[in-house]
Amino acid sequence: MLPKKLNFLILLISTLSFSQEQNGKFTIDANYFYGNILPHNNTIRHLITEHPEGILISFNKKTFGEKEWQSAYNFPDYGASFHYENTKNETLGDLYGLYGHYSFYFFNRNLMFRIGQGVAYNTNPYDRDTNFRNLAYGSNWMPSTYLLLNYKKENLFKNIGIQAGISFFHHSNANLASPNTSTNTLAMNLGVNYSFEKSEQNQRYTRVYDTIINYRQPIKFNIAFRTGFNESDIIGSGTFPFYVLSAYADKRLSRKSAIQFGADFFIMKYLEEYIKFKSVAYPNEHVDSNTDYRRIGLYIGHELFINDLSVEAQVGYYVYSPFDYLGPFYQRIGLKYYISNTIFTSMTLKTHAAKAEAVEFGVGVRL
């Protein structure tokens with residue numbers, strides 16, 4: 001099976017190359033992967049029957065230092081990826097994904113680390129009547145993330161190179177609908193890459209700036225509003241909106257880093273309905289239906305700046321949470337895009353350890 005897959009990848013890249021302009025800024029790569037769905041939860045063990053396999057095709061744009069952030073990150077690539085995964089289980093269904101990604105290079109550009117974020121489609125999600133055993137995905141569409149760590153060599157034969165390594169694919173609908181046990185696929189991958197012009201014809205360079213940029217700044221204050229929809233773990237309980245108001249201070253330390261400290265005020269309407277359900281369905285637990293479902297948390301965080309895009313990671317603790325649900329600690333990780341120096345948008349995932357609670361879409365100001 002493996003030789004047939006490699007022949008297909010080589011044929012694909014060779015075919016695409018003839019239709020592209022020879023400008024030296026673009027590459028394409030295709031990887032065949034074969035691995036395992038990790039049994040991170042006992043409720044999906046019955047869905048892990050064979051080794052999944054699939055293909056990842058990526059179109060990449062090289063950077064050469066035209067902008068300051070490119071040299072700061074050792075001239076990364078960025079682009080778009082398409083992913084197909086055959087889970088080898090009819091109940092679980094197959095997966096198709098479309099992603100935006102960044103690729104970062106180390107050890108003389110022989111080691112590549114890529115992270116992609118996008119949306120995936122599952123062909124056979126949970127259905128109460130026709131597919132009640134699929135507890136991994138409660139909807140067709142879901143957020144998805146992939147990681148790729150590859151040894152990569154370009155231009156080994158004319159413009160064709162090879163790459164190999166490990167890949168990780170995470171599929172979860174983040175409680176947009178229940179059930180939401182999710183899957184994590186860890187795989188080995190082997191592939192080929194094609195450069196639309198040999199790299200030595202476009203040597204990378206570091207741009208010299210007339211003005212030295214001082215990234216150290218005084219403490220800045222931020223206000224952010226996040227919202228979205230989610231559902232409790234009770235299948236069929238309904239999807240409800242949520243609202244999060246965040247206020248925090250940040251201190252930029254360098255070109256790449258800032259630290260944060262702030263507070264969140266959560267209004268999760270699904271939790272209000274869940275408390276009412278628990279008070280009726282489980283009388284032995286003595287849950288008061290009027291228990292306040294709102295929560296307040298304090299958190300610390302870190303922001304990694306790339307260009308106008310940054311990556312946020314935060315860890316928080318509920319200082320007010322009358323209804324104990326999912327534990328006292330929470331985490332948030334996601335992307336922030338600066339429209340200007342003071343206005344930003346964001347998309348983040350709020351979790352409690354491995355349990356996702358919500359995908360948050362936000363807007364904010366930095367004063």
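A residue is termed exposed when its relative accessible area is over 50%, and buried when that area is under 20%. The exercises below apply these terms to a predicted model.

**Exercise 1. Determine which regions of the chain call for caution in reading the coordinates, using pLDDT under 50.**

Solution.
1. Begin with the chain as a whole: the mean pLDDT is 88, and 89% of the residues reach 70 or more.
2. Locate the stretches under 50. Residues 1-6 form one such stretch, and residues 8-23 form another.
3. Examine their contacts beyond four places in sequence: the model has six for residues 1-6 and 31 for residues 8-23.
4. Where pLDDT is low, the predicted coordinates should not be read in detail. The 31 contacts of residues 8-23 and the six of residues 1-6 are therefore to be treated with this caution.

**Exercise 2. Classify the salt bridges of Arg128, Arg332 and Lys350 by the burial of their partners.**

Solution.
1. The structure holds 18 salt bridges, and a pair qualifies when a side-chain nitrogen of Lys or Arg lies within 4 Å of a carboxyl oxygen of Asp or Glu.
2. Arg128 meets Asp129 with an N to O distance of 3.9 Å, which satisfies the 4 Å limit. Both Arg128 and Asp129 are exposed.
3. Arg332 pairs with Glu360, their closest N and O atoms being 2.8 Å apart. This pair links distant parts of the chain, since Arg332 belongs to strand 14 and Glu360 to strand 16 (residues 355-366), 28 residues apart.
4. Arg332 counts as buried because its relative accessibility is 2%; Glu360 counts as buried because its value is 1%.
5. Lys350 and Glu357 form a salt bridge with closest N and O atoms 2.3 Å apart, and both residues are buried.
6. Salt bridges with shared partners also join Lys62, Lys152 and Glu154 into one network.

**Exercise 3. Identify which elements supply the largest nonpolar core and which of its residues touch the most other members.**

Solution.
1. The core has 22 residues, of which Phe266, Met268, Leu271, Phe323 and Tyr325 touch the most other members.
2. At least two core residues come from each of strand 10 (240-252), strand 11 (257-268), helix 3 (269-281), strand 12 (295-305) and strand 14 (329-338).
3. Helix 3 provides the largest share, four residues.
4. Consider Phe323 individually: with residues up to four places away in sequence left out, Phe323 touches Leu271, Tyr274, Ile275, Val287, Thr291 and Asp292.
5. As general background, nonpolar side chains in soluble globular proteins tend to be buried together.

Terms used: Residues are numbered from 1 along each chain as its sequence is written. This is a predicted model: local features need pLDDT of at least 70, side-chain atom pairs count only at pLDDT 80 or more; totals for chains, interfaces and linings use all residues. Side-chain values use heavy atoms; hydrogens and water are left out. A nonpolar core is a set of buried Ala, Val, Leu, Ile, Met, Phe, Trp, Tyr and Cys residues joined through side-chain atoms within 4.5 Å. Buried means under 20% relative accessible area, exposed over 50%, partly exposed in between (1.4 Å probe, protein chains only). Contact means heavy atoms within 4.5 Å. pLDDT is the predictor's confidence in each residue, from 0 to 100.
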